[in-house]
Amino acid sequence: MSLVLHNRPHPKADFPIFDPAGPNAGLTYLDSGASAQKPTQVIEAVSRFYATGYANIHRGVYKLSATATDAYEGVRAQVATFLNAASEQEIIFVRGATEGLNLIAHSWGQTHLQAGDAVLITALEHHANIVPWQILRDQKGIELRVAALAEDGGVDRADFTAKLADGKVKLATFTHIANATGAVLPVAELTAEAKAAGALVAIDGCQAVAHRPVDVQALGCDFYVFSAHKLYGPTGIGILYGRLAVLETMQPYQTGGDMVATVRFDKTEFLDPPQRFEAGTPDIAGVIGLGAAIDYVGSLGWPWIEAHEKALLAYGEAVLAKVPGLTLLPAGPHRSGIFSFTVDGVHPHDLGTILDHHNVAIRAGSHCAQPLLNEFGLTATVRASLGLYNEPEDFDRLAEAVRAAQRMFTPKRA
Amino acid sequence: MSEALYSDKILALAARKVARLPKPDVTAVRNNPLCGDRVTLDLAIAEGIVTAAGGEARGCALCCAGLAVLLDDLPGQTLESLPAQIETARRSIAMGVSGLAVVLSVLQERPIPRPRQKCVLLPLEALQEALSSLSTNTHE
């Protein structure tokens, strides 16, 4: 069972980590939610840039710098198209989604939030979309509100609505897809509701951008963040999309070179967005790699990627349902890319190690979402997350390895 | 297949029932932020020597086995000797070298993979915290 991709082999062949003659032969990689593997196209783009096109950007007066700048800024335009932003000025290169969220908290929150205001998150957030707001709460006396988890594993819509009702929420910030469970939040509806209540909206798109097209204008959000390494790109680079009218009201996050218009000893004037938020020499090669990753995803096309994932999810759900003692965490009305589960009698970390012994790579632990797992009465789960290189057989190997772990532990730890 | 990490000896240690001390002189609790595991360690002490050790673990097999071994090893040890033993055990687990330390010697029969070293070390961290707590109280 495998969807046909016309005129090319299955994309798994594009990822050298899976080379059957290489050091990881036989690897079943189900940890793309933590970080995705890299196709040759990305690896070669980064390597080629360092080998033949590298120079610092923006200020060099020589050809190589100009070419590097063109390539770097070209990716900004590419990302704007990828997210359907209104302008490439709305695309800020950051280290990752975590830095993007911290930038919003610092540069927007410090200026625009005051004691008595509230920030609304949901119970399904990654720590990176909780802690920055807690710090702001403690610094500025704002209120941090949490929309509850619904019984089905989604967000409690009535609670979300109730927490917007008094008009104090100035920012609603929530995940597009919950990293610990795979729950897809109805982000367009939540955004419309929050905007109607007078709040700005930020969306953590880390788990979404590799799985579905994102249109920030259609969503109507003010901020959208993601990390390149979950989109088959390099580590160390991410994107903060910000609506230009909002970015223009924000102060810099960091200061230094490349973000200033004039500097005197008594005063500094900052550049307009996006440069205002990109102090210092950025991860230029990372940006080039991100561009190659977007090209790569585009070459497969969303119809194939979405159909492939849909088929994998259906197969995975059926296979995991047949494993006795395996309990899948609910993911609301819609699941995407992630299965999070526990197995009776086997601690998630022990299970993770035994799966590794079977060459199945998964994530075990709290997935940087301790509050969400606590809502389920858990401290850890095993998480299998999908990439476009996965095949149905990967779930067969996963289930077989889970059964092996059960055989090992059940009689001895019962 | 390196499932040998989960040897019969380790699985038996992990399954062993352990218990808290009714009246410990010091208690320390340590959490593993990666998975929420928690180790509670109780020590009874007389004249600088551990006379009894108890505790409980909410954790994986390696963590539970680590606590069981520690509870076996601690009685009779001098407080003075423990910091060096903890350090030796920590280093040898990190290096995957066996046979260097008294503490956790059973677990060191096989190298512990890096992602799981924290599991094995959690009981030792609780011991270190208990010693720090004793030291602080003594100085106060």
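This is a short tour of a predicted model with two chains, A and B, going from a sheet in each chain to the contact between them.

**Stop 1: the sheet of chain B**

Start by selecting residues 26-31, 38-46 and 49-58 of chain B, which are strands 1, 2 and 3. Together they make an open sheet in the order 1-2-3, with antiparallel pairing. Strand 1 and strand 3 stand at the edges with a single partner strand each, so one side of each has no neighbour in the sheet. On average, neighbouring strands here are turned by 15° against each other, direction ignored.

Zoom in on strands 1 and 2, where six bridges link the antiparallel pair. Which residue of strand 2 is the bridge partner of B:Ala28? Look for B:Leu41.

Now add residues 61-73 of chain B, helix 2. This helix packs on the sheet and touches strand 2 and strand 3, and its direction makes about 165° with that of strand 3.

**Stop 2: the sheet of chain A**

Move to chain A, where seven strands form an open sheet in the order 2-8-7-6-5-3-4, with mixed pairing. At its edges you will find strand 2 (91-94) and strand 4 (143-147); each has a single partner strand, so one side of each is left without a neighbour in the sheet. The average turn between neighbouring strands of this sheet is 20°, direction ignored.

Select residues 169-175 and 200-204 of chain A to see strands 5 and 6, which run parallel and are joined by five bridges. Within this pair, A:Ala172 has A:Val201 as its bridge partner.

Next, show helix 3, residues 97-112 of chain A. Helix 3 packs on the sheet, touching strands 2, 5, 6, 7 and 8, and its direction makes about 150° with that of strand 7. Then pick helix 4, residues 131-140 of chain A, which lies across strands 3, 4 and 5 and runs at about 145° to strand 4.

**Stop 3: where the chains meet**

Finally, show both chains together. The contact takes 22 residues from chain B and 16 residues from chain A. The two chains bury about 1,600 Å² between them, 57% of it on carbon and sulfur atoms.

How many salt bridges are counted between chain B and chain A? The count is one: select B:Arg116 and A:Asp350, whose closest N and O atoms are 2.9 Å apart. Nine residue pairs are in polar contact across this interface.

On the chain B side, helix 1 (8-15), helix 2 and helix 4 (114-139) each supply at least two residues. Helix 1 gives the most, with four residues. The residues on this side divide into 14 nonpolar, three polar and five charged.

Notes. Residues are numbered from 1 along each chain as its sequence is written. Chains are lettered from A and ligands numbered from 1 in the order in which they are written. This is a predicted model: local features need pLDDT of at least 70, side-chain atom pairs count only at pLDDT 80 or more; totals for chains, interfaces and linings use all residues. Side-chain values use heavy atoms; hydrogens and water are left out. Two strands pair if DSSP finds at least two bridges between them. Axes are lines fitted to C-alpha atoms, for helices over the stretch in contact, and angles run from 0 to 180 degrees between N-to-C directions. Contact means heavy atoms within 4.5 Å. Buried area is the accessible area (1.4 Å probe) that two parts lose on being put together, summed over both. A salt bridge is a side-chain nitrogen of Lys or Arg within 4 Å of a carboxyl oxygen of Asp or Glu. A polar contact is a pair of N or O atoms within 3.5 Å; within protein, one must be able to donate a hydrogen and the other to accept it, and residues adjacent in sequence count only if both atoms are side-chain atoms. Ala, Val, Leu, Ile, Met, Phe, Trp, Tyr, Cys and Pro count as nonpolar, Asp, Glu, Lys and Arg as charged, and the others, Gly among them, as polar.
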